[in-house]
Amino acid sequence: MEFKFRYRVKPVSLWILTLVNIYRSMMAVINIIFTISMAGLIYRFWPDAGVVYRILMLAGLCLFPVLQPLVIYLRSRKIVGQMPDDLQMTFQQTGFEIANASKSSRVDYTEIKAVISLFKMLIIYTQSKQSFILDKQLLAGRGKSLSAFLSEKITSRT
């Protein structure tokens, strides 16, 4: 069995993956505690605060729920903009290959650490701390069969 895709990552996919990883870590607890603390601070000191302090308190309140996701999205756009457009990804029996017109890279299935299905995306993590994001448009209805294929290859190596 072989699966072949024109590999293209969208900034939104990378943004979602980054936010999910942030909010699965200890950083999420810090973000939530800080945001709730800022809301309490605003509630307590708003009537007595001057204009400058009100602006600073509102900026602090917007830091994690608004500004952090915005900065992450802008960084995702920059990262995706640096990737080549003509990548082909081919999954074969022994591994998968990512190639463009000038070079190619091969990843053996023994190097895959995990395959996760998340928000209609298939994310392939390798042991070299790389990940490949295949979204639902790219998979074109072949996501479940590719996920089953990769799961079989990963479990058969042990």
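## Surface and charge

In this predicted model, the protein chain has an accessible surface of about 10,100 Å². Carbon and sulfur atoms account for 63% of that area. Burial applies to 35% of the 158 residues.

The chain carries 20 positive and 9 negative charges. The mean positions of these two sets lie 8 Å apart.

## Overall architecture

Five helices and seven strands make up the secondary structure of the protein chain. Read from the N terminus, the order of the elements is β-α-α-α-β-β-β-β-β-β-α-α. The radius of gyration is 21 Å, whereas the globule rule gives 15 Å for 158 residues; the chain is therefore more spread out than a compact globule.

Along the principal axes, the C-alpha atoms occupy a box of roughly 70 × 35 × 30 Å. Contacts distant in sequence are also present: of those between residues at least 6 apart in sequence, 56% join residues at least 24 apart.

## Helix 1

Helix 1 covers residues 11-23, a run of 13 residues. A rise of 1.5 Å a residue leads to an expected span of 18 Å, and the end C-alpha atoms are 18 Å apart, so the model agrees with the expectation.

The buried residues in helix 1 are Ser13, Leu14, Leu17, Thr18, Leu19, Val20 and Ile22. Their cover includes two helices, helix 2 (26-45) and helix 3 (51-81). It also includes strand 5 (112-118), strand 6 (121-126) and strand 7 (131-135).

## Two residues of helix 2

Asparagine 31 belongs to helix 2. Its relative accessibility is 2%, and because the cut-off for burial is under 20%, asparagine 31 counts as buried. Leaving aside residues up to four places away in sequence, asparagine 31 is in contact with Ile22, Tyr23, Phe64 and Gln68. Of these partners, Ile22 is itself among the buried residues of helix 1.

Phenylalanine 34 is likewise part of helix 2. With a relative accessible area of 31%, phenylalanine 34 is partly exposed, since that class lies between the 20% and 50% limits. With residues up to four places away in sequence again excluded, phenylalanine 34 touches Gly60, Leu63 and Phe64. Phe64 thus appears in the contact lists of both asparagine 31 and phenylalanine 34.

Phenylalanine 34 can also be placed relative to serine 13, a buried residue of helix 1. The two are 21 residues apart in sequence, and their C-alpha atoms are separated by 27 Å in space.

Notes
Residues are numbered from 1 along each chain as its sequence is written. This is a predicted model: local features need pLDDT of at least 70, side-chain atom pairs count only at pLDDT 80 or more; totals for chains, interfaces and linings use all residues. Side-chain values use heavy atoms; hydrogens and water are left out. Helices (H or I, at least four residues) and strands (E, at least two) are DSSP runs, numbered from the N terminus. The expected span of a helix is 1.5 Å times one less than its number of residues. Buried means under 20% relative accessible area, exposed over 50%, partly exposed in between (1.4 Å probe, protein chains only). Contact means heavy atoms within 4.5 Å. The radius of gyration is taken over C-alpha atoms; the globule rule is 2.2 Å times the number of residues to the power 0.38. Accessible areas come from the Shrake-Rupley method with a 1.4 Å probe; for residues, only the protein chains shown count as cover. Lys and Arg count as positive and Asp and Glu as negative; His and the chain ends are not counted. The place of a charge is taken as NZ of Lys, CZ of Arg, CG of Asp or CD of Glu.
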